[in-house]
Amino acid sequence: MTDTTETFAPGTHPDLPPPLGSRGIVKWMRENLFSSATNTVLTLLGAYLIYLAVPAFLDWFILDAVFDAGSRNECWERAGGACWSVVVVRFDQLMYGFYPEELRWRVDLAFLLLFVALAPVLFDKVPGRRYLAIFSIVYPVIAFFLLWGGMGLEPVESAKFGGFMLTVLIGVSGIIASLPLGIVLALGRRSELIVLRVVCICFIEFIRGVPLITLLFIASTLLNYFLPPGSNFDLLLRVLIMVTLFAAAYLAEVIRGGLQAIPKGQFEAAMSMGMSYWKMMGLIVLPQAMKISIPGIVNTFIGLYKDTTLVVIIGLLDPLGLSQSILADSKWQGLSTEIYIFIAIFFFLSCFSMSRYSIYLENKLHRGHKR
Amino acid sequence: MSAIEYQGPSFKLEDLWTDRRWRAISIQILALAGLFAFLAFIVNNTINNLSLLGVETGYGFLAEPSNYDINQTLIEYDSRSSHFRAAIVGLLNTGVVAIAGIIAATILGFTVGVLRLSGNWLISRIMYCYVEFTRNVPLLLQILLWYGIVVHSLPRPKNALEPLSGIFLSNRGFSVPAPVAEPAAWAIFIAFVIAIAAAIGFGQYAKRVQEATGKIYPVISIGLGLIVVLPVLTYFLSGQPISLDWPALRGFNFAGGMTVTPEFVALWFALSIYTASFISEIVRAGIQSVSHGQTEAAYSLGIKPSWTMRLVILPQALRVILPPLISQYLNLTKNSSLAIAVGYMDVVATIGGISLNQTGRALECMSIVLATYLTISLVISTIMNWYNKRVALVER
């Protein structure tokens, strides 16, 4: 058995592994990074960019950052990185604004309950979904009393609301209120009744034609002219109404796109079954139209959520508004980058998870139409 | 066998609601009545409120002097100019930042959109990160972030950064050389126009030759060459009539040249980077919407890849890309109203901001601002609808 060369009958040799260049990571790199001269140059350029940006950013962001200094100058003496101390020290303020400290558990509770209320709406497979759904319907009332007080809880003025709490409050209420309004506007725009149609078109085009910021200005300066003399209602409520109207007009256009994509046969079939307008829309047309328009609807919601930052311009204290007052403090002057990046991370996490959820929902509702 | 007697159109009052045809009319009349009642309510309240407050109304204040300064003006303006002129200055500033933003966002967006589809894994991942990070962060935050970077992170004018000779970056803005034209400069302009006309003419000639003989001229490089070479040649022949005014440090700031304010820089960067991420997704979707069979068919006809892109893919993709692209341009224009957050004097900040606060004419000022934006967006969307109808796929 000293002979190393084995002999095989034709066709019995076991398969050899593929050559090194066409398997594993080498093959992957050849195909995806160095497939041509241009691609090689691009890859090297990209790698160089990453080499330039990422280590420097990491140094600034975490390695050289200071978390527990008492002031800006102390930060800068200790290290050259980010001064996160400002966020640590003012964290509570960025979260709750000027909501009374001893009552903040109510905000926390409302926030936790929000997830309980959202669970049955967002996901199918929640245990006890039917009972939770009832909770989802009463949740807005509970949240209202938790945040504003009343019913035995100490009342809190909405002028004291602020920080991320305000962002979530405006964002979530805007989303909940604008969807039904958007559907109604979309149906109105497609209605056969000419008066309704014209009114809806005018409303939608007006709202879509002007920037949100001008609508907010109207809410803060002009609305008092339009209401009976002496009436004065909450600025936060006015903002909520404007944000809702704004989002509803955009939603209406998205949903209209979905309605237009439904083949005429669906309407005719429903009518020939003797369904009334509302039954036809509610049972046949809208479920299909909404399914098609999910990506657009979620995009509008993300836009609304981001637009909540504009309330700072009319003086509400959302995180951006609070950051202005923090930056005016001589101890923390000039740390705008740190605060803004912290706020950006918060928005990125919420908006990115919303867009992920929309992809999940699209896949779930695709029930075999995808090939 | 008795014939059923025709009863005649007997109209009962409840038909107004139970009969489909009558109901349509009654609903509309009710809606109209409700609308008018609502409008009357608002108008009535407004009149009452105005008379209670004793506020004067009318647009006469537009002719009065504005008494405030604007730091970036394209036309002549000082604090003695009228409110109306201030509004025009603001409108022009909106236009400048919108056009600059649209150009930058288009270039960046198309580049990123194409690169995201590249087969290069690393590059497409980098672009994916860029898109996700910019479009999931509020625009206002990005504007403030860029403003903070320009104002706090750039050095004072004394030690300004000078990336290229004559261009200074400092916390007072970007100072760049300004072109100063002498009278003879019109020759260059005429040369430029002639060059464009010649390039178009050559393109048509080349097309005719190609259709007749199949011979292909390098139209793009010759055309671009004409457009570049001819004006440059005229520039030297006419004795260099355009000179540059270089910025120089004098005292605490730069004098001479052209200064781009930090507000403009922040707004322009943020608007273009934010909108570009949306445009890149539109471009990607547009290119992906052209079925792969088109590429394969072009290749099998022997058309080379760059021509396939230009002659087969792009014309089909553009039909999908254009409508959402234009609506992004509109969004950018409307978003430029966030300028007020950093104090860039656009139309909202001038007539809707300082003028409003000085005169107290909230109704008038806001109506001007609203009318401005409505006009812009209605005009653009009308043009867009017309164009859309023209290029829409005719299905047979």
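**Exercise 1. Place B:Arg156 in chain B and decide whether B:Arg156 is buried or exposed.**

Step 1. B:Arg156 sits in the loop that links helix H5 (139-153) to strand E1 (161-164) of chain B. Helices (H or I, at least four residues) and strands (E, at least two) are DSSP runs, numbered from the N terminus. This is a predicted model, in which local features need pLDDT of at least 70, side-chain atom pairs count only at pLDDT 80 or more, and totals for chains, interfaces and linings use all residues. Residues are numbered from 1 along each chain as its sequence is written, and chains are lettered from A and ligands numbered from 1 in the order in which they are written.

Step 2. A residue is buried if 20 or more other C-beta atoms lie within 10 Å of its own, exposed if 12 or fewer, and partly exposed in between, with C-beta atoms placed from the backbone. B:Arg156 counts as exposed because it has 11 C-beta neighbours inside 10 Å.

Step 3. Setting aside neighbours within four places in sequence, B:Arg156 is in contact with B:Ser170 and B:Asn171. Contact means that the C-beta atoms of two residues, placed from the backbone, lie within 7 Å. From C-alpha to C-alpha, B:Arg156 is 9.8 Å from B:Gly173, a residue 17 places apart from it in sequence.

**Exercise 2. Find which strands pair with strand E3 (residues 173-176) of chain B.**

Step 1. Two strands pair if DSSP finds at least two bridges between them. Strand E2 (residues 167-170) of chain B pairs with E3(B) in the antiparallel sense over 3 bridges. In this pair, B:Ser170 is opposite B:Gly173.

Step 2. E2(B) and E3(B) form a hairpin, with 2 residues between them.

Step 3. E3(B) is also joined by 3 bridges to strand E8 (residues 258-260) of chain B, and these two run antiparallel. Here B:Ser175 faces B:Thr259.

**Exercise 3. Describe the side of chain A that touches chain B.**

Step 1. Chain A brings 42 residues to the contact and chain B brings 48.

Step 2. On the side of chain A, the elements giving two or more residues are helix H2 (37-63), helix H9 (194-209), helix H10 (212-226) and helix H16 (336-365). H16(A) supplies the largest share, 9 residues.

Step 3. This side of chain A holds 29 nonpolar, 12 polar and 1 charged residues. Ala, Val, Leu, Ile, Met, Phe, Trp, Tyr, Cys and Pro count as nonpolar, Asp, Glu, Lys and Arg as charged, and the others, Gly among them, as polar.

**Exercise 4. Explain why chain A is more spread out than a compact globule.**

Step 1. Chain A has 16 helices and 0 strands. Its radius of gyration is 28 Å, well over the 21 Å that the globule rule gives for 371 residues, so chain A is more spread out than a compact globule. The radius is taken over C-alpha atoms, and the rule is 2.2 Å times the number of residues to the power 0.38.

Step 2. The C-alpha trace of chain A spans about 110 × 75 × 45 Å along its principal axes. Of the 371 residues of chain A, 30% count as buried.

Step 3. Domain 1 (31-85) and domain 2 (178-365) make up the domain assignment of chain A, whose bounds come from an automatic or database assignment. The C-alpha centres of domain 1 and domain 2 of chain A lie 37 Å apart. In chain A, 5 residues of domain 1 are in contact with 6 residues of domain 2.
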